[in-house]
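Open the model in a viewer and follow the stops below in order. Each stop says what to select and what is found there.

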Amino acid sequence: MTAFLWRRRGLGVALLALAVLPLVPPFDAENFRRWLVISALLAGWAIAFDFTAGYINVVNFGFAAFAGAGGYASALVTIHYGLPIWVSMFAGVILAGILGFLTGVLTLRFRGIYAAVAAWFLGLALLGITRNVSPITRGPLGLIVPTFFSTDSNLPYYYVVLAMMLVTYLVLKAVTESRAGLAFRAIGQNMEAARASGVNPTRYRILNFTLSCMFAGWLGAFYAHYYAILTPDVMATSQTVQVLVAAYLGGRGSLWGPAAAAFPLVFSTEWLRSNLDRFPGLDLVVYGLALILVMVYYPGGFAELVHAIRDRRLRLPGLRMRTAAAPQPGEAGAVLSDVRE
Amino acid sequence: MLRVTELDAGYGFLRVVHGISLQVNQGELVALLGPNGAGKSTTLKCIAGLVRPWKGDIAFRGHSIGGLRGDLVNGLGIGLVSESLNLFTGMTVYENLLMGAYSVPEAEKRRRSLDFVFSLFPRLAERRPQLAGTLSGGERKMLAIGRALMGGPSLLLVDEPSLGLAPKLTQQVFDALRKLSDDGLTILLVEQNVTATLEMVDRAYVLEQGEIVLEGSAQKLSESEHVKDVYLGVMA
Amino acid sequence: MSLAVQRLSREFRSPVTTGLIAGVLALAIFGVVRGGTFILVDSLVTGAIWALVAAGLALTFGVMGVPNFAQGEFFMVGTLSGYLVYTALSGVQGRPYVPFVTILMALVVGFVLGALVDLAVFSQMRRRIREGWVMNTFVVTVGISVVMINAHQLIWGTDYKGIVAYFDGPPIHVLGVSVALDRVFAISVAAVSIAGLWWLLSYSRIGRAIRAVSQDEPGALMVGINVGRMRTLTFAISSGLAALAGATLLFQFPSFPFVGVKPLYVAWTVVILAGLGNVGGAVVAGFIIALLEANTGFFIGSAWEDVVPFALIVLILAVRPTGLFGRAVRSVWEQ
């Protein structure tokens, strides 16, 4: 038990810092607290996104649509059946989970870019449907959604979403550290080899998609009940792009990296947006440039940077060492990559 | 014509070639022999500019070409027939040959090369409008050699011409190479088929685990105890 | 020509393909009989332009292995430069050559910008990235798209920058449908460009070199092709074509930061339908998608134009993961 806690000490410190942050000046200002809420929400989504992109190596480019579907489900259940939000959120989980399951089934045969595009198209179709069935969703006008609290303060929302982010992280981390996690990585690296060594790609891919979308939908429900208005735009590709940027800047395949990247990302773009409002769009230009630079020069992202630093520090006798399994490219691959030079 | 000095090369963390030195003189037909994984192909790829050498020097006609990009190496007059042939499978035989003369600006010179290749391999002339991907193994090999010749190289590098061919076809390809050499072309050849190769070449190097263990005339190598034991033993 | 026949006969051997083609024909006939000939005419006009945008996308993927998410933004660049050039030429508007100068300038701007993007981004990545090339470049193009959209907003704002029409003559009549001169212009430009692209790739030295790079990269290097330059050229051509399409359709798509979204979606649908990297297939699929959209728009409602094709494509993909024309592009897309 102590070993378990000791291994999680970094997480504990980070959580403590995040919990205290909105009480410390200057972060106790309402707009900073709002940024913290957005950051934690994006962090949760980035974790769920990375669970697919960083492990089974499929970029779910329709991510926002599944998250948004969860939001709509939760909102509609509260509105029409008057259920408490805490309960209706699970309608969001269920709907997003079902959609994730179906996407998993449909994209089963595709790899790499084909799977990403298939998920994207499904997301776009979902967005179109949501926009068009206006008797239910009120289309582009948007749904008025009941909120969690009747207060104007962002503080309670922040603790709610922080807890949700933590649950997302712990559950998905536990899955990736179980046998399933190994299977995910095996599938992500080489589907044929994984199949040959007895891993059933079908089952694990569907499981992965379903789990990831369930958490996306759950956090989507929070989004709905936080903003109080829900339009189909929440499902748009640009939303997926935000999550993707956080996940890739943070570093794929670590879960915590994407979460960690979400906070500075939201703060810097929000700061740019509010302080340089003479230059609309500048925040996103910076955002895009950051993504390009990281992908070109340091594709491992923030997580790899931390690993690199820690590895150097841990090269002391008696401490657990991280063994870096260097990739051994096959001859053909090496020739090709050499040709690229 | 070609001088390789103390060449080191490999992939990732794996060093495949350890300090190889070899030399090919004008007009010679030289073979690089050795078992699978000895580093023969890697050496050839280094010369052709497909793999970047780690250390050492490669000089062609006195100029250092080590680490030069493959297209530039080709432009200097070094043609490569690789192990996997690297044909353009979606193009016709004719188009493949035309691509071989990509860096030859004179139409007249291209036409003469084409006539020469067709006379060397009449089979290719018959297959002219066919897609390269639909050719048989032997025809592909001929096409690859033909494509390399189209650029009018002064040095031809050939990687495992016998690979995947029936003995009879192998002999045909070997005959063609011998004929090219007799016409004055300098050729460096990589082979595993030691018996047949030693019958044809002028000189050879034997490469084992990335190092040259033997070198000399074909005659001398055929009589060497090591070659007899390791490579000819089964057949003799 | 014999090559085209060989290729066609190979592609039609599959019953699934034949079935799909029959389905498309049925859709066209149904549209014409129940809706009207305008469905066919509309599909031809928009299909030609979609084919242009999609052909570039297919080319980029086939040669460079880059699934370009920013293709729509080059369309946007085309609309923007078309608008800027056209309004700058306001003094001589009405002269018949002005629209041609406008779209040519857009082509040049798109071409140069594409070349710069390749040199600044993809050439740099090629030196560094060892694995996961396809997905990494995809994410990078997402970044490029974000930058271009917001740079537009930053510099030129979000308002619509459009023109009424390039030509103000009376419409012409085709199959009982009146077609505005601008649409005739659009389809002509698209037809000429597609024919030009086809000629370039099939018969020119440069085009053969581009195909060589897409078919066998080390092989291209071995025959003396400067592979890096061919890749830059490919990205430039593809961006140029998208920009050309944008400027040509300026009368229908006024320039604003997000004008590229719709062409991007359509181009991707087309390319997925045709099979990634299949340039010829992309042209055919461009018309199929346009036909599908026109039918959906007329019989179900224009709001569903975006939904039905996407859903259908995913279903088609589930049956045929390599696209309608089943070219095995495995080596590229399996990372």
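**Chain B: the four-stranded sheet**

Begin with the pair formed by strand S1 (residues 2–11) and strand S4 (residues 55–60) of chain B, which are joined by five bridges in the antiparallel sense. The model is predicted. Select B:Arg3 and B:Ala59: these two are bridge partners, with B:Ala59 in S4(B). On the other side, select B:Gln23 in S2(B), which stands opposite B:Arg3.

S1(B) and S2(B) also run antiparallel, and seven bridges join them. Two residues separate the strands of this hairpin, and B:Gly12 has a positive phi near 60° there.

Now show the whole sheet. It is open, with four strands of chain B in the order S2-S1-S4-S5 and antiparallel pairing. Its edges are strand S2 (14–24) and strand S5 (63–64) of chain B, each of which pairs on one side only. Add helix H1 (residues 40–48) of chain B, which packs on this sheet and touches S1, S2 and S4 of chain B. The direction of H1(B) makes about 115° with that of S1(B).

While the side chains are on display, one rule helps in reading the strands: in a regular strand, side chains alternate between the two faces of the sheet.

**Chain B: the six-stranded sheet**

Next, select the strands S6-S7-S8-S3-S9-S10 of chain B, given here in their order across an open sheet with mixed pairing. Strand S6 (78–81) and strand S10 (211–217) of chain B are the edge strands, each pairing on one side only. Neighbouring strands in this sheet are turned by 15° against each other on average, direction ignored.

Keep H1(B) in view, as this helix packs on the six-stranded sheet too. Here H1(B) touches S3, S6, strand S7 (155–159), strand S8 (186–191) and S9 of chain B, and its direction makes about 150° with that of S7(B).

Within the sheet, zoom in on strand S3 (residues 29–33) and strand S9 (residues 203–208) of chain B, a parallel pair with four bridges. B:Val30 has B:Arg203 in S9(B) as its bridge partner. Then select helix H7 (residues 167–182) of chain B, which lies across S3, S7 and S8 of chain B and runs at about 155° to S8(B).

**Chain B as a whole**

Zoom out to all of chain B, whose secondary structure comes to ten helices and ten strands. Colour it by domain: domain 1 takes in 25–52 + 67–77 + 153–236, and domain 2 takes in 89–151. Their C-alpha centres lie 23 Å apart. At the boundary, 16 residues of domain 1 of chain B are in contact with twelve residues of domain 2 of chain B.

The C-alpha trace of chain B spans about 50 × 40 × 35 Å along its principal axes. A compact globule of 236 residues would have a radius of gyration near 18 Å, and the 17 Å of chain B agrees with this. Of the residues of chain B, 56% count as buried. Switch to a surface view: the accessible surface of chain B is about 9,700 Å², and 51% of it belongs to carbon and sulfur atoms.

**Chain A: two residues**

Move to A:Ser74, in helix H4 (residues 63–81) of chain A. Is this residue buried or exposed? A:Ser74 counts as buried, because its relative accessibility is 0%. Beyond its neighbours within four places in sequence, A:Ser74 is in contact with A:Ser88, A:Met89, A:Gly92, A:Ala221 and A:His225.

Then select A:Pro299, in the loop between helix H14 (282–297) and helix H15 (301–314) of chain A. With a relative accessible area of 24%, A:Pro299 is partly exposed. Measure from its C-alpha to that of A:Gly251: the two residues are 48 apart in sequence and 7.4 Å apart in space. Apart from neighbours within four places in sequence, A:Pro299 is in contact with A:Arg252, A:Val294 and C:Ile129.

**Chain C: last stop**

C:Ile129, one of the contacts of A:Pro299, leads into chain C. Chain C has 14 helices and two strands. Its radius of gyration is 20 Å, close to the 20 Å that the globule rule gives for 335 residues, so chain C is as compact as a globular protein of that length. The C-alpha atoms of chain C fill a box of roughly 55 × 50 × 35 Å along the principal axes. In chain C, 58% of the residues count as buried. About 12,600 Å² of chain C is exposed, with 69% supplied by carbon and sulfur atoms.

Definitions and conventions: Residues numbered from 1 in each chain as written. Chains lettered and ligands numbered in written order. Predicted model: local features only at pLDDT ≥ 70, side-chain atom pairs only at ≥ 80, totals over all residues. Heavy atoms only, no water. Pairing = 2+ DSSP bridges. Contact = heavy atoms within 4.5 Å. Axes fitted to C-alpha atoms, helices over the stretch in contact; angles between N-to-C directions. Rg over C-alpha atoms; globule rule 2.2 N^0.38 Å. Buried < 20%, exposed > 50% of the residue type's maximum accessible area, 1.4 Å probe, protein only. Areas by Shrake-Rupley, 256 points an atom, 1.4 Å probe, with all protein chains shown as cover. Domains from an automatic or database assignment.
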